[in-house]
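Reader: Could you take me on a close look at one part of this model, the paired strands and what surrounds them? I would enjoy one connected walk through it.

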Amino acid sequence: MSSKIHGSKPCPTGPGYEKLLRFCEIAKEYDCEYVWSDTCCINKESSTELEEAIQSMYRWYQDAFICIVYLAKSSSIEDFANEPWFTRGWTLQELLAPGNLRMYGKNWTPICPKEKENTFALLWSHPNPNPDQRYPQRHPPSSHLPNDKQSIYMLDAISKVTRIDAEYVRGFGYIGASLSEKMRWASRRKTTRIEDAAYSLLGIFQVSMPITYGEGKVAFRRLLEAIAQFSPDPTFFAWAGRCSYYSIALPSSPSCFQTSHRMWRW
């Protein structure tokens with residue numbers, strides 16, 4: 001392997017490299033010429049590149065032809081309850097943003113059984129479709145390639161483990177969710193760094209703010225301030241628990257929204 005920056009280097013080995021290699025092989029099956037992986041395509045030694053990636057990541061997922069998810073602990077939907085991917089802060093946008101998503105389990109085997117694939121496509125091809133109203137149909141599927149967001153079987157399983165209504169999993173970019181609802185989705189998720197609890201939600205709330213690692217819990221306060229500048233959503237105050245160190249009117253973290261319920265849609 002070689003690059004203009006680092007020159008020639010020996011070919012890497014190990015689980016991380018094998019994962020990247022399989023990811024590329026599967027992407028090629030979808031006729032993708034380029035791939036992007038958050039584990040190796042961000043130069044974290046460059047603060048400028050890191051900030052650009054964090055600010056743009058939601059859009060990159062949203063614009064991707066396909067988002068390939070590797071669930072290392074799962075072989076079927078029965079394993080979802082113990083799958084770490086569903087509890088990580090950064091993977092919330094990876095779940096919601098893309099229109100096409102495909103989940104692979106151990107040994108890179110598709111989680112969705114063949115007979116459960118693209119069940120919405122079957123509904124659209126029916127002469128008198130009467131789809132489940134929990135999953136609103138906005139446009140017929142544009143591709144016959146397997147897409148877990150077109151599978152009622154997968155949507156039900158994902159909704160159960162994440163506590164996110166299946167309609168949002170399938171069409172988050174088209175269906176409005178209240179502020180408290182979005183915060184509730186993030187309330188049980190964990191991040192390695194405190195600041196990432198806020199930074200990982202920038203795309204979800206469509207706001208932008210400077211990335212400043214080392215600021216700790218100030219990051220979440222700044223996120224709330226950025227949201228409040230444009231959002232008239234009164235569910236901003238639908239929280240309970242420990243208040244922010246900086247203001248008694250603000251929650252200290254997304255966990256304060258765990259008990260909030262959906263109030264209405266915009």
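Author:
**The β3–β4 pair and its surroundings**

Happily: Ile68 has Arg102 as its bridge partner in β4. The chain passes from β3 through helix α3 (residues 91–96) to β4, a right-handed β-α-β crossover; right-handed means that, with the strands pointing away from the viewer, the path from the first strand over the helix to the second runs clockwise. Strands β3 (residues 67–70) and β4 (residues 101–104) run parallel and are joined by four bridges, where DSSP must find at least two bridges for strands to pair. Helices (H or I, at least four residues) and strands (E, at least two) are DSSP runs, numbered from the N terminus.

A word on the basis: this is a predicted model, in which local features need pLDDT of at least 70 and side-chain atom pairs pLDDT 80 or more, while totals for chains, interfaces and linings use all residues. Residues are numbered from 1 along each chain as its sequence is written, and side-chain values use heavy atoms, with hydrogens and water left out.

Next comes Leu101, whose backbone nitrogen lies 2.9 Å from a polar atom of the Asn147 side chain. Asn147 sits in the loop between α4 (119–125) and α5 (152–162), and Asn147 is buried (under 20% relative accessible area, 1.4 Å probe, protein chains only), at a relative accessible area of 5%.

Methods. Buried < 20%, exposed > 50% of the residue type's maximum accessible area, 1.4 Å probe, protein only. Polar contact = N/O pair within 3.5 Å; in protein donor to acceptor, adjacent residues only side chain to side chain.
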